[in-house]
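Q: Please pick one part of this chain and look at it closely. Start at its surface, work inward, and then follow the contacts outward to the rest of the fold.

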Amino acid sequence: MSFLVLKAYLKLIHFDFYLARGNFEALYDKVRNYPVGAHSLDPDATERICSAVDMACIWYWKEALCLQRSAATACLLKRYGVQAQMVIGAQQMPFKAHAWVEVDGRVVNDKPYTPEMYVVLDRC
């Protein structure tokens, strides 16, 4: 298991505590205010981080929710200097809420057409 997958796994645990307490506001604030690190020199950083989070989700002991997965992804991307935004959207009929991560307006941890399926409620 790579060090990046371990970091992703720990982020999943971290955000699982917020979700277990129902503390969505604190989770939101944590992602919104997470500092962006020095500019990433690795052009593949986004892909490597998203792959690491996907691998961590496979090994996670329970299903990682989209909000938890996206919060972990956004914070890791920011940590490595990528200007990432966690996006929260919803659809009315049937009601569904969803979270995903965008970099430069491009979805990086979900299907590329995800924003077409949901009304964007917020970006952090």
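Helix α1 and its surroundings

A: L6 counts as partly exposed, because its relative accessibility is 36% and that class lies between the 20% and 50% cut-offs. Keep in mind that this is a predicted model. L6 sits in helix α1, which runs over residues 3-20. It does not stand alone at the surface. Together with F3 and L10, L6 forms a nonpolar patch with about 310 Å² of accessible area.

Now go inward. In soluble globular proteins, nonpolar side chains tend to be buried together. Here the largest nonpolar core holds 36 residues. Helix α1 gives the most to this core, with eight residues. Other contributors of at least two residues each are α2 (24-32), α3 (45-59), α4 (66-79), β1 (84-91) and β2 (96-103). Helices and strands thus both feed the core.

Which core members touch the most others? They are L12, F15, L27, V31, L77 and M86. Take L27 as one example. Its partners beyond four places in sequence are F15, Y18, L19, L67, A71 and M86. F15 and M86 appear again here, as contacts of L27.

Helix α1 also carries a charged link. D16 forms a salt bridge with K62, and the closest N and O atoms are 3.2 Å apart. D16 lies in α1, while K62 lies in the loop between α3 and α4. The two are 46 residues apart, so the bridge ties distant parts of the chain. Their surroundings differ in accessibility. D16 is buried, because its relative accessible area is 9% and the limit for buried is under 20%. K62 is partly exposed at 38%.

How many salt bridges does the model have? The count is three. A second one joins E102 and R123, with the closest N and O atoms at 2.5 Å. E102 is in strand β2 and R123 in strand β4 (residues 119-123), 21 residues apart. Again a buried acid meets a partly exposed base: E102 has 5% relative accessibility, and R123 has 33%. The third pairs D110 with K111 at 4.0 Å, N to O. Both ends are partly exposed, D110 at 22% and K111 at 45%.

Finally, follow the strands that join α1 in the core. β1 includes Q91. Q91 is buried, at 16% relative accessibility. The side chain of Q91 reaches the backbone oxygen of P94 at 3.3 Å. Q91 also touches K96, M117 and Y118, leaving aside residues up to four places away in sequence. P94 belongs to the loop between β1 and β2. The peptide bond from M93 to P94 is cis, with omega near -15°.

On the other side of β2 comes another backbone detail. D104 lies in the loop between β2 and β3 (106-107). D104 is not a glycine, yet it has a positive phi of about 55°. Buried or exposed? D104 is exposed, with a relative accessible area of 75%.

To recap, α1 shows a nonpolar patch at the surface through residues such as L6. It gives eight residues to the core, and D16 links it to K62.

Definitions and conventions:
Residues are numbered from 1 along each chain as its sequence is written. This is a predicted model: local features need pLDDT of at least 70, side-chain atom pairs count only at pLDDT 80 or more; totals for chains, interfaces and linings use all residues. Side-chain values use heavy atoms; hydrogens and water are left out. A nonpolar core is a set of buried Ala, Val, Leu, Ile, Met, Phe, Trp, Tyr and Cys residues joined through side-chain atoms within 4.5 Å. Buried means under 20% relative accessible area, exposed over 50%, partly exposed in between (1.4 Å probe, protein chains only). Helices (H or I, at least four residues) and strands (E, at least two) are DSSP runs, numbered from the N terminus. Contact means heavy atoms within 4.5 Å. A salt bridge is a side-chain nitrogen of Lys or Arg within 4 Å of a carboxyl oxygen of Asp or Glu. Patches are made of residues with over 30% relative accessible area and no salt bridge: like charges are joined within 9 Å, nonpolar side chains (Val, Leu, Ile, Met, Phe, Trp, Tyr) within 5 Å. Accessible areas come from the Shrake-Rupley method with a 1.4 Å probe; for residues, only the protein chains shown count as cover. A polar contact is a pair of N or O atoms within 3.5 Å; within protein, one must be able to donate a hydrogen and the other to accept it, and residues adjacent in sequence count only if both atoms are side-chain atoms.
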